[in-house]
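Hi,

Here is the structure I said I would pass on. Have a look at it first, and then read my notes below.

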Amino acid sequence: MINTRTLISSALAAIASVSASTASAGPAAQPDFSFEKCYGIVKAGQNDCQTATHSCAGTSTMDDQVDAWIYVPAGTCGKIAGGSNARKA
(Lines give C-alpha, C1' and ligand atoms only; values in the text may rest on other atoms or scores of the structure.)
Protein backbone atom coordinates (compact mmCIF):
# COMPACT_ATOMS: atom_id res chain seq x y z
CA MET A 1 0.00 0.00 0.00
CA ILE A 2 2.79 2.41 0.83
CA ASN A 3 4.53 1.68 -2.48
CA THR A 4 1.33 2.48 -4.39
CA ARG A 5 0.91 5.77 -2.52
CA THR A 6 4.53 6.70 -3.18
CA LEU A 7 4.16 5.89 -6.86
CA ILE A 8 0.97 7.94 -7.20
CA SER A 9 2.46 10.86 -5.27
CA SER A 10 5.56 10.81 -7.45
CA ALA A 11 3.48 10.73 -10.63
CA LEU A 12 1.36 13.68 -9.51
CA ALA A 13 4.45 15.68 -8.55
CA ALA A 14 5.99 14.99 -11.96
CA ILE A 15 2.83 16.11 -13.76
CA ALA A 16 2.65 19.29 -11.70
CA SER A 17 6.28 20.18 -12.38
CA VAL A 18 5.92 19.61 -16.13
CA SER A 19 2.78 21.74 -16.21
CA ALA A 20 4.50 24.54 -14.32
CA SER A 21 7.54 24.51 -16.59
CA THR A 22 5.55 24.54 -19.84
CA ALA A 23 3.31 27.36 -18.64
CA SER A 24 6.26 29.77 -18.76
CA ALA A 25 7.69 28.47 -22.05
CA GLY A 26 7.65 30.76 -25.06
CA PRO A 27 9.54 33.78 -26.30
CA ALA A 28 11.20 36.18 -23.90
CA ALA A 29 9.50 39.52 -23.32
CA GLN A 30 10.91 42.40 -25.31
CA PRO A 31 13.15 44.62 -23.19
CA ASP A 32 12.25 48.19 -22.22
CA PHE A 33 15.34 49.63 -23.92
CA SER A 34 16.17 50.13 -27.61
CA PHE A 35 17.33 46.67 -28.68
CA GLU A 36 18.43 44.44 -31.51
CA LYS A 37 18.59 40.68 -31.93
CA CYS A 38 22.13 39.31 -31.88
CA TYR A 39 22.72 35.83 -33.32
CA GLY A 40 25.53 33.40 -32.59
CA ILE A 41 26.71 34.66 -29.20
CA VAL A 42 24.31 32.96 -26.80
CA LYS A 43 25.34 30.46 -24.13
CA ALA A 44 23.43 27.16 -24.18
CA GLY A 45 20.00 27.55 -22.62
CA GLN A 46 20.11 31.36 -22.59
CA ASN A 47 18.51 32.23 -25.95
CA ASP A 48 15.60 34.68 -26.01
CA CYS A 49 13.46 32.98 -28.62
CA GLN A 50 13.03 30.07 -30.99
CA THR A 51 15.68 28.55 -33.21
CA ALA A 52 15.36 26.23 -36.19
CA THR A 53 15.30 23.26 -33.83
CA HIS A 54 13.66 24.70 -30.68
CA SER A 55 10.46 26.64 -30.13
CA CYS A 56 11.01 28.43 -26.84
CA ALA A 57 13.34 30.77 -25.03
CA GLY A 58 16.06 29.08 -23.02
CA THR A 59 16.17 25.94 -25.16
CA SER A 60 19.33 26.27 -27.23
CA THR A 61 21.54 23.24 -26.73
CA MET A 62 25.05 24.57 -27.39
CA ASP A 63 27.08 27.71 -26.92
CA ASP A 64 27.22 30.10 -29.89
CA GLN A 65 24.45 28.25 -31.76
CA VAL A 66 24.24 30.11 -35.10
CA ASP A 67 20.45 30.40 -35.21
CA ALA A 68 19.93 31.30 -31.54
CA TRP A 69 19.65 34.96 -30.60
CA ILE A 70 19.47 37.22 -27.59
CA TYR A 71 18.31 40.80 -27.13
CA VAL A 72 21.18 43.28 -26.75
CA PRO A 73 21.15 47.09 -26.61
CA ALA A 74 20.91 48.63 -30.10
CA GLY A 75 24.31 49.07 -31.73
CA THR A 76 26.01 46.47 -29.53
CA CYS A 77 25.87 43.28 -31.60
CA GLY A 78 28.42 44.43 -34.20
CA LYS A 79 30.92 45.05 -31.40
CA ILE A 80 30.73 41.48 -30.08
CA ALA A 81 33.07 38.87 -31.60
CA GLY A 82 30.95 36.35 -33.47
CA GLY A 83 27.79 38.45 -33.17
CA SER A 84 25.55 39.02 -36.19
CA ASN A 85 22.32 40.95 -36.70
CA ALA A 86 21.25 38.34 -39.26
CA ARG A 87 20.69 34.65 -38.78
CA LYS A 88 23.78 32.71 -39.78
CA ALA A 89 23.51 29.81 -42.21
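Before we start, one bit of vocabulary: a residue is called exposed when its relative accessible area is over 50%, buried when that value is under 20%, and partly exposed in between. By that rule K43 is exposed, because its relative accessible area is 53%. Please also keep in mind that this is a predicted model.

**How sure is the predictor?**

The average pLDDT over the chain is 77, and 71% of the residues score at least 70. One stretch to treat with care is residues 17–23, where the pLDDT is below 50. Beyond near neighbours in sequence, that stretch has zero contacts in the model.

**The disulfide**

A search of the whole structure turns up one disulfide. In general, a disulfide is a covalent bond between the sulfur atoms of two cysteines. Here C38 is joined to C77, with 2.0 Å from S to S. The two cysteines come from distant parts of the chain: C38 sits in strand β1 and C77 in the segment after β2, 39 residues apart. The torsion about the S-S bond is about 75°, so this disulfide is right-handed. Are its two ends buried or exposed? C38 is buried, with a relative accessible area of 0%, and C77 counts as buried at 0% too. While you are looking at cysteines, find C49 as well: at 14% relative accessibility, C49 counts as buried.

**Salt bridges**

Side chains of opposite charge can pair when their charged atoms come close. How many salt bridges does the structure hold? There are two.

One of them brings together the side chains of D63 and K43, at 3.6 Å from N to O. Both residues lie in the loop between β1 (35–39) and β2 (69–73), and the pair ties together parts that are 20 residues apart in sequence. You have already met K43 as an exposed residue; D63, at 41% relative accessibility, counts as partly exposed.

The other salt bridge is between R87 and D67, whose closest N and O atoms are 3.8 Å apart. R87 lies in the segment after β2, while D67 is in the loop between β1 and β2, so this pair also ties together parts that are 20 residues apart in sequence. D67 counts as buried, at 10% relative accessibility.

**A cluster of rings**

A pair of aromatic rings is described by the distance of the centres and the angle of the planes. The structure holds two such pairs. F35 and Y71 form an edge-to-face pair, 4.7 Å centre to centre with 75° between the planes. That pair links distant parts of the chain, with F35 in strand β1 and Y71 in strand β2, 36 residues apart. W69 and Y71 are edge-to-face as well, at 4.9 Å centre to centre and 70° between the planes.

Put the ring pairs together and F35, W69 and Y71 form a cluster. Within the cluster, W69 and Y71 are both buried, whereas F35 is partly exposed, with a relative accessible area of 29%. What sits over the ring of W69? The charged end of K37 does, 4.5 Å from the ring centre.

**Three more residues to click on**

*A74.* You will find A74 in the segment after β2. Leaving out residues up to four places away in sequence, A74 touches S34, F35 and E36. A74 and E36 are 38 residues apart along the chain, yet their C-alpha atoms are separated by 5.1 Å. A74 counts as partly exposed, at 42% relative accessibility.

*S60.* This residue lies in the loop between β1 and β2. S60 is buried, with a relative accessible area of 6%. Its contacts, neighbours within four places in sequence aside, include V42, K43, H54, Q65 and A68.

*D64.* Most residues other than glycine have a negative phi. D64 is not a glycine, but its phi is positive, at about 55°. D64 is placed in the loop between β1 and β2 and is partly exposed, with a relative accessible area of 46%.

That's the tour. Shout if anything is unclear!

Cheers

Key
Residues are numbered from 1 along each chain as its sequence is written. This is a predicted model: local features need pLDDT of at least 70, side-chain atom pairs count only at pLDDT 80 or more; totals for chains, interfaces and linings use all residues. Side-chain values use heavy atoms; hydrogens and water are left out. pLDDT is the predictor's confidence in each residue, from 0 to 100. Contact means heavy atoms within 4.5 Å. A salt bridge is a side-chain nitrogen of Lys or Arg within 4 Å of a carboxyl oxygen of Asp or Glu. Helices (H or I, at least four residues) and strands (E, at least two) are DSSP runs, numbered from the N terminus. Buried means under 20% relative accessible area, exposed over 50%, partly exposed in between (1.4 Å probe, protein chains only). Rings of Phe, Tyr and Trp (its six-membered ring) pair if their centres lie within 6.5 Å; planes under 30 degrees apart count as stacked, over 60 as edge-to-face and the rest as tilted. A charge sits over a ring if NZ of Lys or CZ of Arg is within 6 Å of the ring centre and within 35 degrees of the ring normal. A disulfide is a pair of cysteine sulfur atoms within 2.5 Å.
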